[in-house]
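Open the model in your viewer and keep the selection tool at hand. The stops below run from an enclosed space to helix packing and an open pocket.

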Amino acid sequence: MLDHLTYTAPEPKVIAGAKGDWELVIGLEVHAQVASNAKLFSGASTGFGAEPNSHVAFVDAAMPGMLPVINEFCVAQAVKTGLGLKAAINLRSAFDRKNYFYPDLPQGYQISQLYHPIVGEGEVIVDMGPGVARRVRIERIHLEQDAGKSIHDMDPTMSFVDLNRTGVALMEIVSRPDIRGPEEAAAYVAKLRQIMRYLGTCDGNMQNGNLRADVNVSVCKPGDYERYQETQDFSHLGTRCEIKNMNSLRFIQQAIEYEARRQIAIIEDGGTVVQETRLYDPDKGETRSMRSKEEAHDYRYFPDPDLLPLDIEQAWVDGIAQSMPELPDEKKARFVKELGLSEYDAGVLTAEVESADYFEAVAQGRDGKMAANWVINELFGRLNKEGLSVETSPVSAAQLGGVIDLIGSGAISGKIAKELFEILWTEGGDPAAIVEERGMKQVTDLGAIEKAVDDIIAANPAQVEKARANPKLAGWFVGQVLKATGGKANPAAVQDLVAKKLGA
């Protein structure tokens with residue numbers, strides 16, 4: 001929790017039906033690919049984009065006699081994620097076989113953790129705006145292996161199977177039904193992604209399928225959710241439908257909106273919502289039925305006979321805890337408290353771990369607010385315009401810090417600094433050397449500045465009279481002097497001299 005903020009919870013999303021108001025109830029199962037070079041039970045590579053079936057070990061392909069061997073690093077990554085979500089770490093967990101047939105599941109079962117997950121209950125604080133947040137409870141995180149990929153668009157009569165993803169380690173993060181609206185659901189997934197990227201446990205790449213969500217949606221009448229909280233009776237929440245494999249925050253919101261209205265229409269027409277698994281079609285903007293929703297017994301879960309229960313020591317968990325990086329909420333709070341940044345600016349700068357690291361390098365030993373302004377307005381603005389990221393920025397943190405140092409020392413003005421930034425962006429180089437070589441230094445000689453002020457005043461007697469009658473017009477003279485000196489005159493000195501001359 002953040003002690004520097006007072007949070008209020010957002011209001012639940014209310015949808016007006018034909019016969020009354022309805023509220024949304026949402027729970028998510030987020031599948032996050034563990035950031036690891038090797039798979040969960042084999043040494044095969046997890047690299048993305050390789051030739052089909054080129055990253056497949058014998059155990060991934062379910063060759064006879066091949067036994068799984070647990071990847072300790074993947075276990076550590078799951079523990080680190082649990083600690084990042086302030087969750088309980090279970091020192092004893094076990095793997096189960098989830099049995100079902102699918103062409104890209106060579107074993108005919110998935111190794112998962114149903115009964116004894118590695119991580120227990122935790123929480124995520126989801127910011128929904130200034131001073132507004134939702135606490136989403138985490139029920140569990142369990143480790144499991146991914147399936148392969150079926151490809152249906154390479155041949156008109158046949159489907160192909162790529163087993164490169166088979167056996168890749170996944171963390172399934174299961175939330176309680178605490179989420180009450182589409183925007184909140186997207187913000188929750190974004191917050192999970194942010195935390196895991198800070199931890200280095202998942203790269204969060206949704207486009208590659210490394211982070212995807214199954215979204216459970218139901219609708220209830222106002223007041224029913226409060227009854228559920230009192231009784232823990234899920235029947236108050238209505239029948240839920242699951243929307244599978246969502247890998248876009250925008251699509252998650254659209255799918256929830258459509259699915260909620262679909263369920264409301266069915267109920268108000270006297271029908272019954274059937275618990276089922278659905279898919280979202282972004283082209284049509286609608287969900288469609290995929291299959292009836294399976295229960296645990298349908299998968300015939302039983303303990304995996306090839307894997308012993310996983311026993312870990314508290315000392316090992318403590319060692320991981322001691323190596324934990326500063327998390328985004330903590331970093332944001334520090335930026336506000338120690339650097340004097342606004343909540344908004346601190347939120348922008350900590351949204352991505354790379355942005356936060358870049359800003360910290362720029363702000364080191366410098367004015368935090370000035371550093372934030374330059375990073376957010378100049379750097380981020382230009383990166384967005386060019387379609388670049390912080391990692392591919394042509395201007396390094398050291399270079400941008402050098403620009404700020406030159407402003408602080410009075411060597412250059414803000415106007416010249418923007419010209420210098422443009423040179424650094426297109427040509428590179430050392431900021432101080434560029435200023436020296438190209439004669440960009442700010443004019444601080446009061447005698448030279450005074451002469452320029454006198455010249456402008458002498459050439460514009462009518463404007464002088466107007467400015468003396470209305471002091472707000474003095475800014476025109478400041479602008480003319482700066483223009484005449486090529487922006488090199490010290491703006492503060494020009495302003496002082498203009499005020500004195502016009503007031504005389």
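**Stop 1: the largest cavity**

Select Lys39, Leu40, Phe41, Ser42, Val59, Asp60, Gln107, Gln145, Thr166 and Gly167: these residues line the largest cavity. This is a predicted model, where local features need pLDDT of at least 70, side-chain atom pairs count only at pLDDT 80 or more, and totals for chains, interfaces and linings use all residues. Residues are numbered from 1 along each chain as its sequence is written, and side-chain values use heavy atoms, with hydrogens and water left out.

A cavity, on a 1 Å grid over the protein atoms alone, is a set of points where a 1.4 Å probe fits but cannot get out; lining residues have an atom within 4 Å of a point. The volume of the largest cavity is about 60 Å³. Here a volume is the space filled by probe spheres set on the points, with grid points joined across faces, edges and corners. The count comes to one cavity of 30 Å³ or more.

Colour the lining by class. It has three nonpolar, five polar and two charged residues. Ala, Val, Leu, Ile, Met, Phe, Trp, Tyr, Cys and Pro count as nonpolar, Asp, Glu, Lys and Arg as charged, and the others, Gly among them, as polar.

**Stop 2: α1 against α2**

Next, select helix α1 (residues 72-84) and α2 (182-199). Helices (H or I, at least four residues) and strands (E, at least two) are DSSP runs, numbered from the N terminus. The axes of α1 and α2 lie 10 Å apart, at an angle of about 125 degrees. Axes are lines fitted to C-alpha atoms, for helices over the stretch in contact, and angles run from 0 to 180 degrees between N-to-C directions. α1 and α2 are therefore oblique to each other. Angles under 35 degrees count as roughly parallel, over 145 as roughly antiparallel, 65 to 115 as roughly perpendicular and the rest as oblique.

α1 crosses α2 in the right-handed sense. A crossing is left-handed if the near helix is turned anticlockwise from the far one by less than a right angle, and right-handed if clockwise.

Show side chains. Lys80, Thr81 and Gly84 of α1 meet Ile195, Met196 and Leu199 of α2, where contact means heavy atoms within 4.5 Å. Three of these residues are nonpolar, two polar and one charged.

**Stop 3: the second largest pocket**

Keep α2 on screen. Add β6 (122-129), α6 (328-339) and α7 (343-350): with α2, these elements each give two or more residues to the lining of the second largest pocket. A pocket is an open set with protein on both sides within 12 Å along at least five of seven lines. The volume of this second largest pocket is about 690 Å³. Which of its 23 lining residues are closest to its centre? Pick Asp127, Gln194, Lys332, Gly347 and Ala351. By class, the lining has 11 nonpolar, five polar and seven charged residues.

**Stop 4: α7 to α9**

From α7, move to α9 (residues 368-386). α7 and α9 pack with axes 10 Å apart, at about 60 degrees. That makes α7 oblique to α9. Their crossing is left-handed. Asp345, Val348 and Leu349 in α7 meet Ala372, Asn373, Val375, Ile376 and Phe380 in α9. This contact has six nonpolar residues, one polar and one charged.

**Stop 5: α9 to α10**

Add α10 (residues 397-408), whose axis comes within 11 Å of that of α9 and crosses at roughly 125 degrees. So α9 is oblique to α10. The crossing is right-handed. Met370, Ala371, Trp374, Val375 and Leu379 in α9 meet Leu400, Val403, Ile404 and Ile407 in α10. The contact residues are nine nonpolar, no polar and no charged.
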